[in-house]
Amino acid sequence: MTTGSTGTKSGQTLVKGSRGTRSTIALKILMALSGLAFIGFVLGHMYGNLKAFSGQAAFNEYAEHLRELGEPLLPHSGLLWIIRVGLIVALVVHVVTALLLTQRAHAARTQKYAVKKNVASSVSSRTMRWGGVTILVFLVWHLLNFTIGKINPATGDTGDAAGDPYSLLVDTFDLWWMTIIYLVAMVALGLHLHHGTWSSMQTLGFTGTAASRARAKAAGWIVAVVVAGGFSLVPLSVLLGIIEK
């Protein structure tokens with residue numbers, strides 16, 4: 001009887017552990033896919049920002065064109081709002097899965113080491129969580145600054161009174177402290193993308209060989225440098241007077 005009881009408990013433990021492993025893998029896949037969705041978005045967004053180098057008319061025309069996408073099938077700004085809702089869903093999925101995976105990692109740790117060894121880990125992997133929090137806080141302000149509230153930090157105006165998209169951009173980054181905040185956020189974004197790209201490719205099974213792992217690491221660096229660097233060009237150019245009204 002004792003042996004049978006023990007065997008039953010062991011079987012239940014194995015089933016429970018198997019289910020936990022499958023759900024953890026599912027969470028990692030959701031996190032990877034939502035992260036890749038954001039990489040696609042930030043690349044498109046970065047391209048749009050670089051329109052500022054073409055001047056006020058070209059930048060404002062691009063901003064208005066985004067609102068006209070999908071017409072007449074969709075109302076004005078209809079497709080833009082669908083994209084925004086999709087990104088909000090992806091953001092919620094990404095944050096929630098990150099929190100759940102963090103909780104599981106802590107729960108699985110049976111003992112804490114007296115000394116943490118980070119020799120094999122990169123700066124981007126060690127700053128992943130705090131970098132994510134920094135990006136999330138910045139994102140809230142970024143939306144208030146350029147999308148939802150359209151707050152002009154130079155004048156205090158909001159909405160239509162804040163000026164057209166190009167003027168709002170220039171007024172914002174004419175303030176040195178706003179440019180510094182933006183650049184700090186871009187450093188956090190670059191580090192997050194560097195490790196996130198590698199981690200996503202690993203989760204999705206694209207790092208099975210030494211060559212594929214090398215490509216994944218290279219992809220992480222390329223995405224980080226292109227996105228963070230591309231986004232940083234506009235505020236730096238405004239502050240240096242290259243882009244002006």
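**Exercise 1. The nonpolar surface patch**

Which helix gives the most to the nonpolar patch? Identify the members of the patch and classify I180 by its accessibility.

*Solution.* The model under study is predicted.

Step 1. The nonpolar surface patch is made by W176, W177, I180, I181, V184 and L239, and its area is about 590 Å².

Step 2. Helix α7 gives the most to this patch, with five residues.

Step 3. I180 is placed in helix α7. Its relative accessibility is 42%. Since buried means under 20% and exposed means over 50%, I180 counts as partly exposed.

**Exercise 2. Overall architecture**

Determine how many helices and strands the protein chain has, and state what share of its residues is buried.

*Solution.*

Step 1. The protein chain has eight helices and zero strands.

Step 2. Read along the sequence, the pattern is therefore α-α-α-α-α-α-α-α.

Step 3. The chain has 245 residues, and buried residues make up 29% of them.

**Exercise 3. The largest nonpolar core**

Find which residues of the largest nonpolar core touch the most other members, and establish which helices supply the core.

*Solution.*

Step 1. The largest nonpolar core contains 23 residues, of which L169 and F231 touch the most other members.

Step 2. At least two residues of this core come from each of α1 (2-49), α5 (128-146), α6 (165-173), α7 (176-203) and α8 (210-239).

Step 3. The helix that gives the most to the core is α7, with six residues. Helix α7 also gives the most to the nonpolar surface patch of Exercise 1.

**Exercise 4. The salt bridge**

Locate the salt bridge of the structure, and explain which parts of the chain it ties together.

*Solution.*

Step 1. Side chains of opposite charge can pair when their charged atoms come close.

Step 2. The structure holds one salt bridge. In this salt bridge the side chains of K245 and D171 meet, with an N to O distance of 2.8 Å.

Step 3. K245 lies in the segment after α8, whereas D171 lies in helix α6, so the pair ties together parts that are 74 residues apart in sequence.

Step 4. The partners are then classified by accessibility. K245 has a relative accessible area of 57% and is exposed. D171, at 14%, is buried.

**Exercise 5. The loop between α2 and α3**

Describe the backbone of the loop between α2 (56-68) and α3 (78-108) at E71, P72 and S77, and relate E71 to the negative surface patch.

*Solution.*

Step 1. E71 is found in this loop, as is P72. A cis peptide bond joins E71 and P72, with omega of about 0 degrees.

Step 2. E71 forms a negative surface patch together with E61, E64 and E68. A patch member must have over 30% relative accessible area; E71 has a relative accessible area of 38% and is partly exposed.

Step 3. S77 lies in the loop between α2 and α3. Although S77 is not a glycine, its phi is positive, at about 70 degrees.

Step 4. The relative accessibility of S77 is 12%. Because buried means under 20%, S77 counts as buried.

**Exercise 6. A positive phi in the loop between α5 and α6**

State the phi of K150, and decide whether K150 counts as buried, partly exposed or exposed.

*Solution.*

Step 1. K150 is placed in the loop between α5 and α6.

Step 2. Phi of K150 is near 50 degrees, which is a positive value in a residue other than glycine.

Step 3. The relative accessibility of K150 is 25%, and K150 thus counts as partly exposed.

**Exercise 7. Sequence separation and spatial separation**

For the pairs V95 and G35 and L168 and D157, set the separation along the chain beside the C-alpha separation in space.

*Solution.*

Step 1. V95 and G35 are 60 residues apart in sequence, and their C-alpha atoms are 9.9 Å apart. V95 is placed in helix α3 and is partly exposed, with a relative accessible area of 30%.

Step 2. L168 and D157 are eleven residues apart along the chain, and 9.8 Å separates their C-alpha atoms. L168 is placed in helix α6 and counts as buried, at 2% relative accessibility.

Definitions and conventions. Residues are numbered from 1 along each chain as its sequence is written. This is a predicted model: local features need pLDDT of at least 70, side-chain atom pairs count only at pLDDT 80 or more; totals for chains, interfaces and linings use all residues. Side-chain values use heavy atoms; hydrogens and water are left out. Patches are made of residues with over 30% relative accessible area and no salt bridge: like charges are joined within 9 Å, nonpolar side chains (Val, Leu, Ile, Met, Phe, Trp, Tyr) within 5 Å. Accessible areas come from the Shrake-Rupley method with a 1.4 Å probe; for residues, only the protein chains shown count as cover. A salt bridge is a side-chain nitrogen of Lys or Arg within 4 Å of a carboxyl oxygen of Asp or Glu. Lys and Arg count as positive and Asp and Glu as negative; His and the chain ends are not counted. The place of a charge is taken as NZ of Lys, CZ of Arg, CG of Asp or CD of Glu. Helices (H or I, at least four residues) and strands (E, at least two) are DSSP runs, numbered from the N terminus. Buried means under 20% relative accessible area, exposed over 50%, partly exposed in between (1.4 Å probe, protein chains only). A nonpolar core is a set of buried Ala, Val, Leu, Ile, Met, Phe, Trp, Tyr and Cys residues joined through side-chain atoms within 4.5 Å.
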